[in-house]
Each structure stands twice: as C-alpha cells, then as structure tokens.
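Got your viewer ready? Load the model, colour it however you like, and follow along stop by stop.

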Amino acid sequence: FISCLRDFINIIIANNLEKKLMSDIYKFDCKNAEGEVVSLGDYRNKLLLIVNTASKCGFTPQYEGLNNLHLKFKDKDFSVLGFPCNQFGKQEPGTNEEIQEFCSLNFQIEFPVFAKIDVNGPTADPLYQYLCETKPGLLGSKKIKWNFTKFLVDQKGNVVSRFAPNTKPEDIEKEIKAII
C-alpha cells in the first residue's frame with residue numbers, strides 16, 4: 001500500500017510540474033519597441049515562433065520568410081515574435097526606433113518586433129533564459145549561438161522545437177501545419 005501511495009504521489013507531483021512548465025511562457029513580460037510592457041499572456045492559445053533578430057546579419061533576409069509565415073498563419077492563431085539582439089558581431093546596432101523603421105521599410109514586417117534585448121550571459125532576458133533552459137541546442141548547449149535562432153511554442157505554452165539560425169522559415173512550415 002505504501003509503495004502504491006508513493007507512486008501515486010510521484011505521479012501527481014510530476015503532473016503538476018508538467019502543468020507549471022506548460023504555462024511558464026505566459027508569465028514573462030517583454031517590452032515592445034516603445035518601451036511598454038507586454039505580457040506574453042496576451043499570446044495564450046497561440047502558436048508562436050520566437051526569434052532573436054538582427055538587421056545587419058547574413059541571415060537578415062529571413063525577415064521576409066518570417067513575415068510570410070506570420071501572414072500565412074495569423075488567421076489560425078499563429079504569430080512570429082521578433083527580439084532584436086546586438087550580441088553577435090554587433091549586427092543590431094540601431095535603436096529600437098531604427099530597428100522598427102528598418103523592418104518596416106525593408107520587409108514590411110507585420111509581426112511584433114520587441115525592444116532590443118540580450119539573449120545570453122548575465123544580462124540575458126528572462127524569456128530567453130527560460131527558452132534556452134527548456135529547449136537546449138546542439139549537444140545540450142543552453143546558449144544562443146547566433147542571430148535568428150528560432151523557438152516554436154505551442155498553444156499551451158510548451159517549447160516544442162528549437163531551430164538553428166540557418167534553418168529557413170519556410171522549412172519550419174511543415175511543423176507549424178502539424179501543430180495548427
């Protein structure tokens with residue numbers, strides 16, 4: 001009886017931990033380009049592709065593919081969320097206002113591009129600390145290796161996939177369709 005009770009308690013604890021982890025993404029607040037606080041809880045029940053971006057990177061043309069994904073699936077409760085970062089080769093040197101202008105003029109971006117953040121190190125944004133902890137990269141690395149690393153988060157807040165910077169947005173479409 002004691003063994004069964006112990007197993008039952010362990011199952012309850014594991015289920016509660018899983019439920020907590022599933023909703024953790026929604027506890028984060030981020031700043032939009034104007035410096036206003038935005039709760040990721042506003043994106044509850046949406047499929048999200050969270051990407052650290054840069055305007056002077058060899059992967060910058062991915063903005064077009066990211067915007068295409070956003071436009072294609074936004075009516076199915078999908079959104080791309082862009083987080084500019086200047087930690088990789090200083091490839092995002094602009095102000096938040098300059099970044100918004102760049103995205104608008106060059107790619108007609110319609111998905112939210114938030115305020116510039118750090119994604120690694122002691123000043124890493126808590127959202128990115130969580131993403132990296134939850135879905136490590138190649139060989140278990142918990143660091144972001146470069147601009148345009150992508151995380152797919154399902155409608156329940158689970159971080160389901162991590163994609164390398166060289167993964168083109170259109171190569172993620174199949175996984176998005178499978179979840180939507």
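In which loop is Lys 90 found? Select Lys 90 and you'll land in the loop between β4 and α3. (Helices are DSSP runs of H or I with at least four residues, strands are runs of E with at least two, and both are numbered from the N terminus.) Before moving on, a word on what you're looking at: this is a predicted model, in which local features need pLDDT of at least 70, side-chain atom pairs count only at pLDDT 80 or more, and totals for chains, interfaces and linings use all residues. Residues are numbered from 1 along each chain as its sequence is written, and side-chain values use heavy atoms, with hydrogens and water left out.

**Stop 1: two unusual backbones**

Stay on Lys 90. With 64% relative accessibility, Lys 90 counts as exposed. (Exposed means over 50% relative accessible area, buried means under 20%, and partly exposed is in between, with a 1.4 Å probe and protein chains only.) Its phi is near 50°, a positive value in a residue other than glycine. Most residues other than glycine have a negative phi. Now jump to Gln 108, in the loop between α3 and α4 (126-134). Gln 108 isn't a glycine either, and its phi is positive too, at about 50°.

**Stop 2: the whole chain**

Zoom out. The protein chain has five helices and six strands, and along the sequence they follow the pattern α-β-β-β-α-β-α-α-β-β-α. Of the 180 residues, 45% are buried. Take the contacts (heavy atoms within 4.5 Å) between residues at least 6 apart in sequence: 69% of them join residues at least 24 apart. Switch on the surface and you have about 9,800 Å² exposed, with carbon and sulfur atoms supplying 53% of it. (That area comes from the Shrake-Rupley method with a 1.4 Å probe.)

**Stop 3: the sheet**

Hide the surface and show cartoons. Four strands make an open sheet, in the order β4-β3-β5-β6, with mixed pairing. (Two strands pair if DSSP finds at least two bridges between them.) At the edges stand β4 and β6 (159-163), each with a single partner strand, so one side of each has no neighbour in the sheet. From one strand to the next, the twist averages 20°.

Which way do β5 and β6 run relative to each other, parallel or antiparallel? They run antiparallel, joined by four bridges. To find one of the pairs, select Val 153 and its bridge partner in β6, Val 159. At β3 and β4 the sense is parallel, over seven bridges. Try Leu 48 there: its bridge partner in β4 is Ser 79.

**Stop 4: β4 from both sides**

Select residues 78-84, which are β4. Seven of its seven residues are buried, so the strand is largely enclosed by the rest of the structure. Colour Phe 78, Val 80, Gly 82 and Pro 84 for one side, and Ser 79, Leu 81 and Phe 83 for the other: both faces are covered.

**Stop 5: helix α2**

Now select residues 62-73, helix α2. Its 12 residues should span 16 Å at 1.5 Å a residue (the expected span is 1.5 Å times one less than the number of residues), and the end C-alpha atoms are 17 Å apart, which agrees. The helix lies across β3, β4 and β5, running at about 150° to β4. (Axes are lines fitted to C-alpha atoms, for helices over the stretch in contact, and angles run from 0 to 180 degrees between N-to-C directions.)

Which residues of α2 are buried? Show Gln 62, Tyr 63, Gly 65, Leu 66, Asn 67, Leu 69, His 70 and Phe 73 as sticks. Their cover includes β3 (47-53), β4, α3 (96-107), β5 (150-153) and α5 (173-179).

Next, trace β3, α2 and β4 as a set: they make a right-handed β-α-β unit. (Right-handed means that, with the strands pointing away from you, the path from the first strand over the helix to the second runs clockwise.)

**Stop 6: two loop residues**

Select Ile 109, in the loop between α3 and α4. At 16% relative accessibility, Ile 109 counts as buried. Beyond its neighbours within four places in sequence, Ile 109 is in contact with Tyr 63, Asn 67, Cys 103 and Ser 104. Its C-alpha atom is 9.1 Å from that of His 70, 39 residues away along the chain.

Finish at Lys 56, in the loop between β3 and α2. Lys 56 counts as exposed, at 57% relative accessibility. Leaving aside neighbours within four places in sequence, Lys 56 is in contact with Gln 91 and Pro 93. Draw the C-alpha to C-alpha distance from Lys 56 to Pro 93: 8.4 Å, across 37 residues of sequence.
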